[in-house]
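Student: I have a protein–DNA model open and would like to check the terms used to describe it. Could we go through them together?

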Number of protein chains: 2
Amino acid sequence: MDDILRALGHLALGSRLKRLGEQLQADTQHLLDELDPLLPSGQHPFLAALDRLGPLTVGDLAQALGVSQPGVTRTVVRLVERGLVETGPGPDDQRQKIVALSAAGRELVEAAKAELWPRIDAAVAELCAGLDGPLLAQLAAIEDRLAAAPLHRRARSKERAR
Amino acid sequence: MDDILRALGHLALGSRLKRLGEQLQADTQHLLDELDPLLPSGQHPFLAALDRLGPLTVGDLAQALGVSQPGVTRTVVRLVERGLVETGPGPDDQRQKIVALSAAGRELVEAAKAELWPRIDAAVAELCAGLDGPLLAQLAAIEDRLAAAPLHRRARSKERAR
DNA sequence: GGCAATAACATAACACGTTATATAACTTGT
DNA sequence: ACAAGTTATATAACGTGTTATGTTATTGCC
């Protein structure tokens, strides 16, 4: 059974990028499972943004992440429920909601920055290493590599190599 | 406000691929809006698969598209509601559900194959044309190009060039 | 033949993306 | 100063992906 998205070439590039991104996130999740407050991989960029840029309004967070404002609003609610971020009203503008890392959120980010995120970055970099040429070919190569050895296996073998 | 996903490099590649795939699908949607039974861009690969491979079981469709079986089951329900596909029991195995294009579905596919799909393919190919080198750099280039001129503008300028 | 294991599809619950629209706060112009 | 327009966030409705689990049909073995 051949892969239809691959066979469709440029026509289905959108669907294919989405599919590959989802697989990458799912693989990454296995590595992120080591963290204490378990967090979906898709929410890590929110924490990373707040860590790098400091407290942000909902709108600024949406712009930094490149997603819609309602998407940010909903995920922020989840992060507040998990106790990883805190929100408060804007100092000048009462319409704004300022989102900031909580103590627990900062702790999680520090733990991730120290160990996990660098390992994931290295594993993904290794996954993409040596690739060159047309985009479709590189995507096919990454799909094949991922099918041969999932990301968490790559990260662990990297570990052993140290 | 800089782009956090871009700044995170390989670490957020999954999120970034998903985001770009979604944008590509959304842009593509504008072009697909010409079709009569309006269909979300993500459902086109289902029709393309059935067109290329003929009637398929739910499981085979899942494998051909590289998505989960429940995902296929749900989208097939939607396609049946729109009258684009029909389902029947498997001839040998009563557990199976065979999915096939309906007359309306075949009509839609023929219309799309004749005009729209080639135009989209060409527009996406043009979007990726001339790119080379590391994956992250190509992604950044595509994001930039898309921000400069959305896909449907590219398709239309191609049209004019004929 | 009949019970247990397997396999195919359905369903539920969750995460997450979108667009369209509502609500509330700020800004503007007269 | 107040009505009108704009802007920030919230909410609703939809599509789609996932995993976990339930149902039903088939297989296999004794």
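Tutor: Gladly! Helices are DSSP runs of at least four residues, numbered from the N terminus. Keep in mind that this is a predicted model. With that numbering, H5(B) gives the most to the surface near DNA strand D, namely 4 residues.

Student: What makes the contact between Arg95(A) and DNA strand D a polar contact?

Tutor: A polar contact needs a pair of N or O atoms within 3.5 Å. An N or O atom in the side chain of Arg95(A) is 2.4 Å from a base oxygen of DNA strand D, so the pair meets that cut-off.

Student: Which atoms of Gln43(B) and Gln94(B) face a phosphate oxygen of DNA strand D?

Tutor: For Gln43(B), an N or O atom of the side chain is 2.6 Å from a phosphate oxygen. For Gln94(B), a backbone N or O atom lies 2.8 Å from one. Both therefore count as polar contacts under the 3.5 Å limit.

Student: Which elements give two or more residues to that surface?

Tutor: Helix H4 (58-65) and helix H5 (69-81) of chain A, together with helix H5 (69-81) of chain B. The residues of this surface divide into 5 nonpolar, 9 polar and 9 charged.

Student: How do you know that Leu47(B) touches Leu101(B)?

Tutor: Contact means heavy atoms within 4.5 Å, so the pair must meet that limit. Leu47(B) also touches Leu39(B), Leu79(B) and Leu108(B), among others. Leu47(B) is one of the residues that touch the most other members of the largest nonpolar core, which has 97 residues.

Conventions
Residues are numbered from 1 along each chain as its sequence is written. Chains are lettered from A and ligands numbered from 1 in the order in which they are written. This is a predicted model: local features need pLDDT of at least 70, side-chain atom pairs count only at pLDDT 80 or more; totals for chains, interfaces and linings use all residues. Side-chain values use heavy atoms; hydrogens and water are left out. A polar contact is a pair of N or O atoms within 3.5 Å; within protein, one must be able to donate a hydrogen and the other to accept it, and residues adjacent in sequence count only if both atoms are side-chain atoms. Ala, Val, Leu, Ile, Met, Phe, Trp, Tyr, Cys and Pro count as nonpolar, Asp, Glu, Lys and Arg as charged, and the others, Gly among them, as polar. A nonpolar core is a set of buried Ala, Val, Leu, Ile, Met, Phe, Trp, Tyr and Cys residues joined through side-chain atoms within 4.5 Å. Buried means under 20% relative accessible area, exposed over 50%, partly exposed in between (1.4 Å probe, protein chains only). Lists of a residue's contacts leave out its neighbours within four places in sequence.
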